[in-house]
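Me: I would like a close look at a single part of this predicted model. Please treat the sheet and the helices that pack against it, in one connected account.

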Amino acid sequence: MLRGIVFDMDGVIIDSHPAHRAAWKSFLESLGKTTSDTELDFILDGRKREEILKYFLGELNPKQIAEYGKRKDEILRSHGSGLEPVTGVVEFLDDLAHSGVRMALATSASRRRTCGTLQELGIAHYFETVVTGDEVVAGKPDPAVYRLAADRMQESPDHLLAVEDAVSGVKAARAAGMRCLGVAHNSRGDLLRLAGANPIIEDFRSLSFAKLQASFG
């Protein structure tokens with residue numbers, strides 16, 4: 001029985017990937033590092049900021065991670081004005097709320113950015129708990145963030161559905177014992193399905209809790 005839904009944020013709740021890609025590219029260029037579009041795909045796979053920094057820049061000490069993270073966030077803010085919810089997601093959240101469905105958020109983003117984004121878009125009230133990358137040692141595909149969300153909801157993972165757009169996120173949810181709905185952008189549906197997501201949607205238009213119940217029982 002489906003008792004709750006745990007959403008990822010970037011690419012699922014908010015259409016933030018273009019802004020993130022532009023911000024990381026600008027940040028890395030400020031350090032003299034040129035990256036291809038293919039290399040930048042790494043940042044869209046649900047990784048923690050510390051992991052992304054080390055992937056592109058090698059080993060860093062905590063002070064460098066904090067400094068670079070702050071600089072990247074400043075660039076993101078300059079690129080991030082006008083962020084919008086993913087098509088249909090607010091209507092879907094409304095439908096879930098009216099149906100009495102419990103909702104949580106599990107993201108690799110920092111708590112500061114997560115809470116600021118939810119407040120800015122006026123959707124923070126939908127989520128009874130928010131788990132961020134600041135609260136777990138390992139980011140996705142490690143299942144820690146989803147396990148923590150289930151613990152805080154006091155629900156068994158097999159009664160929860162995760163909603164993800166990244167392969168690492170799908171793997172994290174499945175490893176935590178949750179089923180996973182995949183939100184596929186740019187023909188990534190096959191990759192999400194191979195990682196364990198089912199069903200796959202392009203966006204939230206026409207999706208309802210009744211349809212999910214029919215799919216998952």
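The request and the reply below concern the sheet and its surroundings.

Me: In what order do the six strands form the sheet, which helices pack on strand 1, strand 2 and strand 3, and which residues of helix 10 are buried?

Reply: The model is a predicted one. Its open sheet consists of six strands with parallel pairing, arranged in the order 3-2-1-4-5-6. Strand 3 (129-131) and strand 6 (200-201) form the edges, each pairing on one side only.

Consider strand 1 and strand 2 to begin with. Strand 1 (residues 4-7) pairs in the parallel sense with strand 2 (residues 102-106) over four bridges. Within this pairing, isoleucine 5 stands opposite methionine 103 of strand 2. Helix 5 (residues 89-98) packs on the sheet here, in contact with both strand 1 and strand 2, and its direction makes about 150° with that of strand 1.

Strand 2 also pairs with strand 3, again in the parallel sense, over three bridges. Alanine 104 is found opposite threonine 129 of strand 3. The connection from strand 2 to strand 3 passes through helix 6, giving a β-α-β crossover that is right-handed. Helix 6 (residues 111-121) lies across these two strands and runs at about 140° to strand 3. As for solvent exposure, strand 2 is mostly covered, with four of its five residues buried.

Helix 10 (residues 209-216) supplies a further packing element. Its buried residues include Phe209, Leu212 and Phe216. These residues lie on the same side of helix 10, because they cover an arc of only 55° around the axis. The spacing follows a general rule: an α-helix has 3.6 residues a turn, so residues three or four places apart point the same way. On the other side of helix 10, Ala210 and Ala214 are exposed. The buried residues pack against strand 1, helix 5, strand 4 (160-164) and strand 5 (179-183). Strand 1 and helix 5 thus appear again, this time as partners of helix 10.

The cysteines complete the account. Cysteine 180 has a relative accessible area of 1%, so this residue is buried, the cut-off being under 20%. Cysteine 115, by contrast, has 31% relative accessibility and therefore counts as partly exposed, a class that lies between the 20% and 50% limits. The structure holds zero disulfides.

Definitions and conventions:
Residues numbered from 1 in each chain as written. Predicted model: local features only at pLDDT ≥ 70, side-chain atom pairs only at ≥ 80, totals over all residues. Heavy atoms only, no water. Pairing = 2+ DSSP bridges. Contact = heavy atoms within 4.5 Å. Axes fitted to C-alpha atoms, helices over the stretch in contact; angles between N-to-C directions. Buried < 20%, exposed > 50% of the residue type's maximum accessible area, 1.4 Å probe, protein only. Right-handed = clockwise from strand over helix to strand, strands pointing away. Disulfide = S-S within 2.5 Å. Arc of directions from axis to C-beta.
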